[in-house]
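Here's a quick briefing to read alongside the structure. It looks at one disulfide link and one helix pair.

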Amino acid sequence: MITYIIRRLLAAVLLLFIVSAVTFAIFFLFPKILGATPETLATRYAGRTATPETVKLVADRLGFYDPIITQYFDWVRGIFVGAKYDTGARLADCPAPCLGYSFRSQQPVWPELLTRIPVTLSLAIGAAILWLVGGVLVGTISALRKGTIFDRAAMTVALAGVSLPIFFTGLLSLSIFSYSLGWTVPGGRFVPFAENPLEWAYSLLLPWITLAFLFSAQYARHTRAGMLETMNEDFIRTARAKGLPERTVVVKHGLRGALTPILTIFGLDVGLLLGGAVLTESAFSLKGLGEYAIDGIKNYDLPKVMGVVLVAATFVVIANLIVDLLYAVVDPRVRLK
């Protein structure tokens, strides 16, 4: 088990290095290959309204005239030890981890991300618990009661959940439960967990349910399909022949065997959401990573977008590392591979 964990940790470190290289290539190398000049890249920092003289000055100060490999290692060094940016009026300090410096807001990107990560983290984790528990429970019951009214009704609702986009269900739920009935917060409100746990949960209740409705539908369908396949295996018949209680057969043998693909998609979904639930945050006016990325795109502020991309990719790698470790718990055969 220890050897397996060490292998996965080393693989995660290597993958993070590859992610950093690919992220840098997307924003700097590929545009250069496609004909972008240092001045073109500099406009993403200086803004659309900057004069040509300002753009050239920014390109020189940011090292865009240096070889691309030098730019990459300067950028990586800034993540670990920090960097300084010459804004013209002053020498701005960007302490480690320096994921970039926004010349429009005159602030390092990382501190701004830190203020928004709790919002996205709260949204993703709360919704993930709801959709995982609800989806797996409904999928399991549907598989055990195949062909019944419950099974058909649950799969119909699941099909609706998969089909309806989040910006439709989000706005519809706001209209009904917040503005008409007044049961939930209208949106745009976030109370930190440390400040008031009950208010924290109440302010995010509707976004959680709306987001969980979309994902739980997929998990219900995947769990149902996995359980139908697993419950027909020979080891299930053997467990029943040994006289094990039906609950033990279903939970310990059937559900455990069907959870491996569920863990895979769960790690990917949570990792992606931790990088910013763009549509959900926009629908409910939550100041998270997704809203921060949208703001960077609208204002042509490359450091903001690049910082969110790197953080999102890191969350995906970490989530998949946790999933890999959980594989060894759910299926001991994984440790031997």
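A residue counts as buried when its relative accessible area is under 20%. Keep that cut-off in mind for the cysteines below, and remember that this is a predicted model.

**The disulfide**
- Cys-94 sits at a relative accessible area of 2%, so this residue falls on the buried side of the cut-off.
- Its partner Cys-98 is buried too, with a relative accessibility of 3%.
- The two are joined by a disulfide, and their sulfur atoms lie 2.2 Å apart.
- That pair fits the 2.5 Å limit used for sulfur atoms, and the tally for the model is one disulfide.
- As for its twist, the Cys-94 and Cys-98 link is right-handed, with 105° about the S-S bond.

**The H5 and H6 pair**
- Two packed helices are described by the angle between their axes and the distance between the axes.
- Here, helix H5 spans residues 109-144 and helix H6 spans residues 149-163.
- Their axes come within 8 Å and cross at roughly 140°.
- Roughly antiparallel would take an angle over 145 degrees, so H5 and H6 are classed as oblique to each other.
- The crossing of these two helices is left-handed.

**Who touches whom**
- On the H5 side, the contact is made by Val-138, Ile-141 and Ser-142.
- H6 brings Phe-150, Asp-151, Ala-154 and Met-155 to the contact.
- By type, the residues of the H5 and H6 contact split into five nonpolar, one polar and one charged.

Note on methods. Residues are numbered from 1 along each chain as its sequence is written. This is a predicted model: local features need pLDDT of at least 70, side-chain atom pairs count only at pLDDT 80 or more; totals for chains, interfaces and linings use all residues. Side-chain values use heavy atoms; hydrogens and water are left out. Axes are lines fitted to C-alpha atoms, for helices over the stretch in contact, and angles run from 0 to 180 degrees between N-to-C directions. Helices (H or I, at least four residues) and strands (E, at least two) are DSSP runs, numbered from the N terminus. Angles under 35 degrees count as roughly parallel, over 145 as roughly antiparallel, 65 to 115 as roughly perpendicular and the rest as oblique. A crossing is left-handed if the near helix is turned anticlockwise from the far one by less than a right angle, and right-handed if clockwise. Contact means heavy atoms within 4.5 Å. Ala, Val, Leu, Ile, Met, Phe, Trp, Tyr, Cys and Pro count as nonpolar, Asp, Glu, Lys and Arg as charged, and the others, Gly among them, as polar. Buried means under 20% relative accessible area, exposed over 50%, partly exposed in between (1.4 Å probe, protein chains only).
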